[in-house]
Amino acid sequence: MPEASGDPLPRGAVVGPFSGPRAAWGEHLERAAERYGAAVNWELYDDRGEAETARQIAEAVVAEGRHALVVGHFNSAGAAAALPVYRAAGLPVLLPLATTPGLLADGAGTLLRWCPDDRAQAADLLAAVRDAGHTRVAVTHDGSAYGERLALLVRDAPAAARPALPSGAVVSDGSGPATGAVPVPAALTGPSPDVPDGPDVLDGPEGRDASVLTALVVCGTHVGAARAAREWRAAGFEGAFWFTDDCAVDEFAELLGPVVPAYVARMRGGPEAHVDAAFAAAAAALAEDPARTGRTLLAAVRAHADRGFTALGEPEPGSVGWDFVPVPAPAPVADGVPARTGGRHGRAYDVIVVGAGVVGSATASALARHGARVALVAPMDGRDEHATAWSGGLVRSFEADPYLRGLALRSHHLAWGPAALAPGPYGFMTTGSLVLCGDADLEQAEKGVAELNGAGVPAELLDPGVLGARFPGLSVDGVTAAVWEPRAGYADPPRTARVYRDRALAHGARLLPARVRELDAPPGADRVRVLLEPGGPVEALAVVLAAGGGTGEIAGHRLSGADAGRTKSIRYGFFHHPATTGLPTVVDMVSGVWGRPQLTGEAAGGYMAGRPVDEWDVPPGGLATLTDEHVAYIRRGAAARWPWLADPATRFLGGRQGVDLYTPHSRPHLGRERPDSRIVLATGWSGAGFKTAPAAAELAAAEALDVLGGG
């Protein structure tokens, strides 16, 4: 798919369980997004089948305001939590697999459902059981709220509403041919035509004489239903099992084991056909007119659909229905390990990237481009806690530290050089850059200028006299020399992180809206267990920790003592004064202050000035405001380099404060936490990580891929 910047394709959000116990269902959505990606840039959001996560995703999708429509959610509880959010924003939603009755009741004409609902499933399923000749029938569930709700629907399905099934839909239970619809109410005690009640709902086999039953309807998730069925078989039930539609996935046979006879409800034509039909109609409508939105887009989707819909958005009666098919035999076992049939129960991601700042997003992008199955974990509660959100965005290739200089030079070639033609995808602005050096910095400045020019990055060393003449708004007191890069400047950090995140999504990465509370990676384990909140655990073969100031809370115990680093406050303000005209980006290694022009956007025409703050061990986060004391502190300290800051006529235009993670050696943690670990660190940039992020992400991704390769 095209990269996000300048991408002409409309965007669609696809929300489903791409990890966790119900990931087999998310595979339908993944495959369809790949098949119908020529006209729409589908972005996948992983709700793991959890209602609260689904609601958070809905709020994030609406807040971003970039998507033409949503396909999903798979899980009905998640859909119920998310739909009010989409409805309030007028964002069209296509529901290919959510079967709970009544989901569209308050849809306000913004929804289309492509599948039959559970009320019809309950009636059809009970009719199929009786058509197969069973009269001693009970219903059980897997203990989940979802399973219990389905069980009650089966129990309460009215006999009069149980239609004869379409030709070919009824299957035999193995004891003989189907005998036709026999609408006889059934209970544990046997047939009783005069009793209007449906079959009893049993919580489990404990204390039951399971042998009196000839059929048992098992309701719930495919994982839970398989477990419940095994328990009933062990308790002596010898009749036929009938399972609800969540069990209509390939891996169910493996989970169930050699339990026969067994049948499963399946959407007529198979669930993938409904998913494909929804994607096909959406893609056709947007290919015809990519600018369509809202009700106009939904009307076009209706026009391109392979079925009709009611005014409410439900499929027209008779256009969808339920089949009942045998559960296939489990896959053969080789060397004690069952062969997979296509699904991957609760499958792990290849790599989970923790942190959606510029380093994490760029790492996820690089991994996804290499074909890894990637999840990018980031809170979606409206708080930008990563340092990127509050960074000043200074970009240059010179660093006094040779290691960081190498990363900065590589980043220039990856992003800030020819790719950064202003404003480019990252909002890059060419201002020129000065790094002011004292006597102790001169040796590395000379080496650095030679390295930069050798790498094709123009640079020169200026003496104080040239500096003072060329930049009269700058004081050169205490300066021995300055490294001048005429093509350097600054970029827009949040925009850059979004570009990389969008590239990751365009290449198949998934977003997991959560906070990481813990990483569990016992020595010798073949994967890392990541504890999310909300959502619980999810697994990956490797993890890249790019959490910045949040590193200590998540994995500080994995880093030895002070080496873990400490969080530190960062503050800068924007000021306006005529003397700032022509000033470039400046980093002062003598006094520690830094600054740059602000050419566009908020505070345009001003000059940003920052001063180090001796505030440590602060929580991650940031604010778009400074107090009067903060502003006075910046003015006092930075006026030695920019004298106009002391002028009362200099106007304060606004400011920012953020937090970064500083390491004792002022170098990032970049690489595996230990040689045999599955956790890759990409954190601890000591306030200078933005410009080196492209190269750092390249190295972090390579290290994670090495983990996947067994290196």
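Hi everyone, let's start with a helix. Helix H4, residues 118–131, lies across S6, S10, strand S11 (240–243), strand S12 (262–267) and S13, and it runs at about 45° to S13. Before I go on, please keep in mind that this is a predicted model.

So what does H4 lie across? Those strands belong to an open sheet of 6 strands, in the order S9-S6-S10-S11-S12-S13, and the pairing is mixed. Which strands stand at the edges? They are S9 (200–202) and S13 (322–326). Each of the two has a single partner strand, so one side of each is left without a neighbour in the sheet. On average, neighbouring strands here are turned by 30° against each other, direction ignored.

Let's look at one pair inside the sheet. Strand S6, residues 137–141, and strand S10, residues 215–219, run parallel and are joined by 5 bridges. If you want a spot to look for on your screen, threonine 140 stands opposite valine 218 in S10.

Now on to another helix, H8, residues 271–288. How far apart are its end C-alpha atoms? They are 26 Å apart, which agrees with the 26 Å that 18 residues should span at 1.5 Å a residue. Is H8 enclosed or not? 13 of its 18 residues are buried, so H8 is largely enclosed by the rest of the structure.

Last, the cysteines. Cysteine 115 counts as buried, because its relative accessibility is 1% and the cut-off for buried is under 20%. Cysteine 437 is buried too, with a relative accessible area of 0%. And how many disulfides are there? With sulfur atoms required to be within 2.5 Å, the count comes to 0. Thanks for listening!

Technical notes
Residues are numbered from 1 along each chain as its sequence is written. This is a predicted model: local features need pLDDT of at least 70, side-chain atom pairs count only at pLDDT 80 or more; totals for chains, interfaces and linings use all residues. Side-chain values use heavy atoms; hydrogens and water are left out. Two strands pair if DSSP finds at least two bridges between them. Helices (H or I, at least four residues) and strands (E, at least two) are DSSP runs, numbered from the N terminus. Axes are lines fitted to C-alpha atoms, for helices over the stretch in contact, and angles run from 0 to 180 degrees between N-to-C directions. Contact means heavy atoms within 4.5 Å. The expected span of a helix is 1.5 Å times one less than its number of residues. Buried means under 20% relative accessible area, exposed over 50%, partly exposed in between (1.4 Å probe, protein chains only).
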